[in-house]
Amino acid sequence: MTNTTDAPDDAPRCSYCGEAFPTERLRALHRGLEHYESLDEGERAAFEDAYHSESEDLRSFRLRALAALVALYFGFLMTYAVVAV
Ligand SMILES: [Zn+2]
């Protein structure tokens with residue numbers, strides 16, 4: 001497979017298809033999703049750890065996004081209440 005990315009030479013690479021990733025966690029996620037059948041125990045464990053920490057980050061992002069929307073909503077509501085009277 002040819003390398004079409006401009007990733008640096010020391011970037012973590014998938015040992016199955018050679019694709020480069022910015023972080024070890026992203027490589028572990030890629031290996032689990034694309035090459036799960038070929039992984040050994042350690043690589044599967046790394047995938048599961050990466051998967052769970054990714055889910056946790058996503059959950060925390062959703063909560064922060066919801067909090068920001070609620071704050072924005074009430075900010076506009078209060079501004080409207082003050083300005084429109
Ligand atoms: Zn791969």
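**A helix in the open and its partner**

Helix α2 has 43 residues, and at 1.5 Å a residue these should span 63 Å; the C-alpha atoms at its ends lie 62 Å apart, which agrees. The model described here is a predicted one. Helix α2 covers residues 41-83. Is this helix mostly buried or in the open? Of its 43 residues, the number buried is two, so α2 lies largely in the open. A residue is counted as buried here when 20 or more other C-beta atoms lie within 10 Å of its own.

Val-82 offers an example from this helix, for it is found in α2. With 8 other C-beta atoms within 10 Å, Val-82 is exposed, because a residue with 12 or fewer falls into that class. Along the same helix, Val-82 and Ala-71 are 11 residues apart in sequence, and their C-alpha atoms are 16 Å apart in space.

The discussion now turns to the other helix. Helix α1 is formed by residues 24-34, and its axis comes within 8 Å of the axis of α2, crossing at roughly 110 degrees. Angles of 65 to 115 degrees count as roughly perpendicular, and α1 and α2 are therefore roughly perpendicular to each other. Their crossing is left-handed. On the side of α1, the contact is made by Arg-25, Ala-28, Leu-29, Arg-31 and Gly-32, while α2 contributes Glu-43, Ala-46, Phe-47, Ala-50, Tyr-51 and Glu-54. By character, the residues of this contact divide into six nonpolar, one polar and four charged. A general property of helices is useful when reading such lists: an α-helix has 3.6 residues a turn, so residues three or four places apart point the same way.

Between α1 and α2 runs a loop, and Tyr-36 lies in it. Tyr-36 has 11 C-beta neighbours inside 10 Å and therefore counts as exposed. How far apart in space are Tyr-36 and Phe-47, C-alpha to C-alpha? The distance is 9.0 Å, although the two are 11 residues apart in sequence. Phe-47 is one of the residues through which α2 meets α1.

The segment before α1 contains a further tyrosine, Tyr-16. Because Tyr-16 has 14 C-beta neighbours inside 10 Å, this residue counts as partly exposed. Leaving aside residues up to four places away in sequence, Tyr-16 touches Arg-31, His-35 and Ser-38. Of these, Arg-31 stands 15 residues from Tyr-16 along the chain, with 8.0 Å between their C-alpha atoms. Arg-31 is also among the residues of α1 that make the contact with α2.

How values were computed: Residues are numbered from 1 along each chain as its sequence is written. This is a predicted model: local features need pLDDT of at least 70, side-chain atom pairs count only at pLDDT 80 or more; totals for chains, interfaces and linings use all residues. Axes are lines fitted to C-alpha atoms, for helices over the stretch in contact, and angles run from 0 to 180 degrees between N-to-C directions. Helices (H or I, at least four residues) and strands (E, at least two) are DSSP runs, numbered from the N terminus. Angles under 35 degrees count as roughly parallel, over 145 as roughly antiparallel, 65 to 115 as roughly perpendicular and the rest as oblique. A crossing is left-handed if the near helix is turned anticlockwise from the far one by less than a right angle, and right-handed if clockwise. Two residues are in contact if their C-beta atoms, placed from the backbone, lie within 7 Å. Ala, Val, Leu, Ile, Met, Phe, Trp, Tyr, Cys and Pro count as nonpolar, Asp, Glu, Lys and Arg as charged, and the others, Gly among them, as polar. The expected span of a helix is 1.5 Å times one less than its number of residues.
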